[in-house]
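Visitor: I would like to learn how to read a structure feature by feature. Could you walk me through one?

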Amino acid sequence: MILYLSSFRNFPKLWKGSLSLALGPGHSSRCLFLTIYSGIRNQQRWFSVKTQSPQNTKGMNLLIAKSRYPRKENANSKEVASELPHLFAAGAAKKRSQVNSPQTQAHALPPVKNTIQLPTKPLNSEEWDKLKEDFKGKANFEDWIISQMAHCHSSVNVAKSLLAWVAAKNNGIVGYNLLVKYLHLCVLHKQTSEVIDVYEIMKARYKTLESGGYSLLIRGLIHSDRWREALLLLEDLKKVMIPSKRNYDDCIQGALHHQDVNIAWNLYQELLSNNLVPMLETLKAFFDFGKDIKDDHYSNKLRDILFYLRNNQLYPGESFAHSIKTWFESIPGKQWKGQFATIQKSGQCSGCGRTIESIHLSPEEYDSLKRRIMSDVIDGGDQYKKTTPQELKKFENFVKSCPPFDIVIDGLNVGKMFPKIRESQFLLDVVSQLAKKNLQLLVLGRKHMLTQGSRWRKDEMKKVQQLAHCFFAEDISEDDPFLLYATLNSGNHCKFITKDLMRDHKACLSDAKTQHLFFKWQQGHQLVITNRFPGSKISFQHSLSYDTVVQTTGDSWHIPYDEDLVERYSYEVPTKWLCLQQKT
Amino acid sequence: MSIFFKMGFSVTFLRPFTRLLAPFTLTRKRRNLHSAILQRYISPKIPALSYSSKTSASPPGELELDGWKTTMKSSIEGGGVLTVSNKDEDSLAATRELIEMWRLLGKEVPEHITEEELKTIVECASKSSKKKYLKYLYTKEKLKKAKQVKKKVKAEAREEAMRARLLESPEGDKQQDFFFLRLWDRQMSTAMNWKNAQAMQFGQPLVFDMAYDKYMKPKELNNTISQLLECEGWNRRDVDPFHIYFCSLKVDGVYHTELAKRYGEKWDKLLLTATEKSHVDLFPKNKIIYLTADSPNVMTTFKHDKIYVIGSFVDKDLQPGTSLAKAKRLNLATECLPLDKYLQWSIGNKNLTLDQMIRILLCLKNTGSWEEALKFVPRRKHSGYLEISQHSQEFVNKLKKIKTSNSFRKHYSNVHTQER
């Protein structure tokens with residue numbers, strides 16, 4: 001063992017990253033030792049294993065098992081091992097890849113899957129013939145190689161020589177699949193003349209195309225002078241299916257590129273009327289193009305886009321936000337000033353100090369949400385699914401008999417927050433702390449919480465019942481719908497405590513509009529317990545007081561946007577804002 | 001700049017010979033940039049057909065890069081394909097074309113398609129549903145073809161065998177003594193019918209609740225019917241069959257029509273009870289146990305005096321709690337199989353298919369051993385039996401052995417348990 005380690009020190013540079021690891025715990029060094037050892041015994045095998053993915057522990061285990069076998073030869077092999085340092089390097093690569101170092105992962109890739117090197121320059125027919133002979137695979141050679149070329153972004157000329165070879169073999173006929181892949185390459189490399197050639201060929205040979213071919217042609221043609229034909233292709237596509245938002249995006253970009261604003265707006269309208277959500281790139285293109293246009297009609301349309309973002313709870317990306325800012329600042333005579341800002345807890349913009357819209361729902365919205373929760377989430381067409389009519393009646397009467405609550409607590413969710421603390425004890429902690437503030441509390445739970453057990457103690461539950469109103473549902477009923485109903489019924493000031501994101505209940509709401517309402521209400525009314533250390537005072541994550549949505553006051557705009565480097569989940573909202581205001 | 005200009009010059013005029021330029025010009029990336037820029041402005045003006053005359057001068061062995069284009073284009077006249085698409089062609093034809101093109105592209109679409117199927121495709125709401133349906137048709141077609149090929153091969157083999165037998169038969173034609181005529185299939189079915197008739201009289205009822213038609217799509221309903229057919233088949237073959245009830249089976253409802261269609265004229269001769277009445281009308285409520293995977297109660301033993309109800313419901317849409325809600329509404333006892341207790345569950349839904357359910361129940365009825373019964377749970381769904389239950393099961397078996405040897409009763413169950 002010492003021998004090995006000393007040889008590591010001869011290559012400090014190689015081992016910079018993982019030297020500590022190799023010298024570290026006994027297990028890892030033994031593992032390394034074994035791999036090295038097996039490497040010497042059977043070089044061939046070693047290399048075949050190396051190409052496997054680092055997650056493949058099976059191969060590794062096999063290797064170790066194999067290396068254990070010839071233990072008696074240890075003495076001779078040690079010397080051999082020290083003479084072959086490059087094997088150490090290979091072992092190091094494996095080792096490092098096992099601890100998921102990104103460096104070696106990159107080194108391990110790409111896997112040697114294909115047996116043929118893709119040609120880098122156009123080949124003649126003999127060379128293609130030879131390549132085909134070398135190819136051993138189930139797939140059709142031509143299909144396979146052009147797929148690989150499309151995947152690796154080979155140059156157009158190589159692909160062209162392949163097609164020429166195929167055509168020469170096949171009476172000048174090239175199959176549709178090859179043409180489409182070739183077209184893909186041409187579009188990728190922006191070889192517009194080639195695209196047009198292929199377009200002519202396709203027009204000549206085929207009466208209609210399929211969606212993939214159409215999409216590629218549209219994307220290829222919009223940069224050429226014959227971009228209007230892309231619109232015809234779009235029409236053809238419409239005969240069989242609704243074009244994708246990508247197709248519309250391409251056409252709109254093409255129209256804007258060629259200064260035809262009317263067509264672009266018409267296509268945009270059509271896109272919306274097909275119930276497609278436009279790509280943010282499409283919207284950005286309109287803003288980018290708007291910089292050069294000084295036209296009230298056009299700017300009104302851009303404002304409509306902003307309202308579309310508002311109504312559909314969409315947030316622009318970072319570059320889109322920049323485009324919006326640039327466009328606003330380019331409006332002559334209005335002197336818009338844009339800055340990137342954040343919003344303080346109080347709901348004030350750090351840029352201009354204005355207050356952002358409140359998160360609270362309007363009375364009508366509130367009523368409609370309440371009705372929909374009742375009908376879709378709790379009832380849902382079959383009251384027996386989540387509860388029983390008797391229980392529902394009982395609960396309604398119970399809620400009526402109590403004063404409006406300030407806070408509704410999901411007893412089970414709160415109780416199970418910390419697995420190391422007894423459920424009833426933590427629930428009691430939370431309830432008593434809130435009760436000290438003189439709040440009307442409601443604890444929702446299930447009947448089993450009342451039966452004595454190691455997790456739910458009767459005396460503690462008694463105390464909870466003294467401090468708060470309690471309702472215990474049947475064990476097979478769901479308690480979340482009751483929670484939602486009780487909170488909504490108590491009024492706008494009432495909040496609820498649970499860690500649950502309620503996504504399943506949100507999904508029960510049938511239309512997107514109500515789902516947005518629910519999400520907005522949830523943002524404003526859900527409290528989450530944040531402290532990690534249960535002994536300390538319980539603190540809550542503040543619920544947002546302002547609504548994160550595109551908004552305007554006429555002379556100001558506030559637009560939340562997504563940062564490029566931040567990944568946002570669907571139940572989160574952006575934190576960065578674009579603040580635009582008009583100088584008066 | 002000057003290089004750029006020069007390049008531009010050369011590319012403009014030597015465009016057909018770009019492959020000759022390739023070895024000594026710039027790196028690929030720059031070249032592409034130049035040619036892309038140039039071609040955008042220049043190319044539309046170059047007539048496409050001019051390539052062929054020039055490229056014909058290329059050295060032998062080398063491929064003409066653009067030559068194929070002319071042949072492809074020239075097939076306008078030769079192939080006689082329509083160039084202008086008819087504006088008012090109906091969507092059916094267009095869809096047919098689309099599918100044909102997809103097939104050329106190597107996508108998973110069927111080769112032949114009927115008008116009806118085409119209509120279904122046109123009516124599909126989204127692109128993905130279209131693709132899904134096409135893939136379904138594709139696999140169906142493929143299976144059918146494979147079957148036909150197999151059939152053909154088999155027929156040929158049989159013919160071959162026949163011929164071989166004919167050659168050697170003359171001397172092997174002597175009389176042999178047999179005890180039975182070869183009428184096994186018929187004997188079997190008669191025996192099964194007797195047994196089932198007996199079950200109709202004295203058998204334990206097993207109910208299939210047919211009140212789920214509104215929760216299922218046509219495809220799921222079809223699957224349900226297939227599973228029901230299989231259930232009936234397994235039951236028929238058993239030593240001690242259940243008396244099967246199809247409850248809440250509306251005459252001329254979807255279930256009824258489908259079942260009648262599949263069974264054909266056999267439907268009226270089936271030895272089971274199909275009724276429009278609900279199971280709560282036929283049996284006392286306290287004897288009914290509704291089997292559902294959502295139930296909080298776990299089934300411990302198979303009770304021979306209870307009436308088990310299985311919902312004939314294939315739920316691919318994931319509507320949990322549908323059958324539990326049904327049982328709750330009628331205030332019935334519910335139970336679920338003790339899958340977690342005996343099996344190391346790994347993947348998949350706890351909902352089992354109807355035929356698996358009936359085989360488990362039949363096995364329980366005959367042997368009472370969970371180990372045996374849960375063999376019918378698909379192997380992919382669990383990674384093995386749990387140790388603890390194995391021990392306890394052995395213990396139970398030992399107890400049973402002692403008990404039965406004392407009472408000198410030979411049971412079917414013991415035969416099985418001793419075998420293991």
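Visitor: Let me begin with a side chain: is Arg103(B) buried, partly exposed or exposed?

Guide: Keep in mind that this is a predicted model. Arg103(B) has a relative accessible area of 32%, so it counts as partly exposed.

Visitor: Which residue forms a salt bridge with Arg103(B)?

Guide: The general idea is that side chains of opposite charge can pair when their charged atoms come close. Here the partner is Glu100(B), and the closest N and O atoms are 3.3 Å apart. Glu100(B) is partly exposed as well, at 33% relative accessibility.

Visitor: Where do Glu100(B) and Arg103(B) lie?

Guide: Both belong to helix α6 of chain B, residues 91-104, and they sit three residues apart, about one turn of the helix.

Visitor: What about Asp340(B) and Lys350(B)?

Guide: Their side chains meet in a salt bridge of 3.0 Å, N to O. This pair links distant parts of the chain, 10 residues apart: Asp340(B) is in helix α14 (residues 339-342) of chain B, while Lys350(B) is in the loop between β7 (343-345) and α15 (354-367) of chain B. Asp340(B) is partly exposed at 49% relative accessibility, and Lys350(B) is partly exposed with a relative accessible area of 30%.

Visitor: Which residues are joined into one network by salt bridges that share partners?

Guide: Look in chain A for Glu200(A), Lys203(A), Arg226(A) and Glu229(A).

Visitor: How many salt bridges does a search of the whole structure find?

Guide: The search finds 43 over all chains. One of them joins Asp555(A) to Arg354(A), with the closest N and O atoms 3.7 Å apart. That pair links distant parts of the chain, 201 residues apart: Asp555(A) is in the loop between β8 and β9 (556-561) of chain A, and Arg354(A) is in the loop between β1 and α21 (363-379) of chain A. Asp555(A) has a relative accessible area of 29%, so it is partly exposed; Arg354(A), at 26%, is partly exposed too.

Visitor: Let us turn to sheets. What is the strand order in the open sheet of four strands?

Guide: In chain A the order is β1-β10-β9-β8, with antiparallel pairing. The edge strands are β1 (336-342) and β8 (551-552) of chain A, each pairing on one side only. Seven bridges join β1(A) to β10 of chain A, residues 576-582, and the two run antiparallel. To follow the pairing by eye, find Gln339(A), which stands opposite Cys579(A) in β10(A).

Visitor: And how is the open sheet of six strands ordered?

Guide: Its order is β4-β3-β2-β5-β6-β7 in chain A, with mixed pairing. β4 (469-473) and β7 (540-541) of chain A stand at the edges with a single partner strand each, so one side of each has no neighbour in the sheet. Within this sheet, β2 (residues 407-410) and β3 (residues 441-446) of chain A run parallel and are joined by four bridges. Ile407(A) has Leu441(A) as its bridge partner in β3(A).

Visitor: Now the surface. Which residues gather in a patch of negative charge?

Guide: They are Glu126(A), Glu127(A), Asp129(A) and Glu133(A). Asp129(A) lies in helix α9 (residues 125-134) of chain A and is partly exposed, with a relative accessible area of 35%.

Visitor: Which residues make the nonpolar surface patch of about 490 Å²?

Guide: That patch is made by Phe179(B), Phe180(B) and Trp184(B). Phe179(B) is in the loop between α8 (127-168) and α9 (184-202) of chain B. At 75% relative accessibility, Phe179(B) counts as exposed.

Visitor: One last feature, the backbone. What is the phi of Lys190(A)?

Guide: As a general rule, most residues other than glycine have a negative phi. Lys190(A) is not a glycine, yet its phi is positive, about 55°. Lys190(A) is found in the loop between α12 (176-188) and α13 (192-205) of chain A, and it is partly exposed at a relative accessible area of 45%.

Visitor: Where should I look for Asn438(A)?

Guide: Look in the loop between α25 (423-435) and β3 of chain A. Asn438(A) has a positive phi of about 65° although it is not a glycine. With 70% relative accessibility, Asn438(A) counts as exposed.

How values were computed: Residues numbered from 1 in each chain as written. Chains lettered and ligands numbered in written order. Predicted model: local features only at pLDDT ≥ 70, side-chain atom pairs only at ≥ 80, totals over all residues. Heavy atoms only, no water. Patch = residues over 30% accessible without salt bridge, like charges linked within 9 Å, V, L, I, M, F, W, Y side chains within 5 Å. Areas by Shrake-Rupley, 256 points an atom, 1.4 Å probe, with all protein chains shown as cover. Salt bridge = Lys/Arg side-chain N within 4 Å of Asp/Glu carboxyl O. Lys, Arg positive; Asp, Glu negative; His and termini not counted. Charge placed at Lys NZ, Arg CZ, Asp CG, Glu CD. Buried < 20%, exposed > 50% of the residue type's maximum accessible area, 1.4 Å probe, protein only. Pairing = 2+ DSSP bridges.
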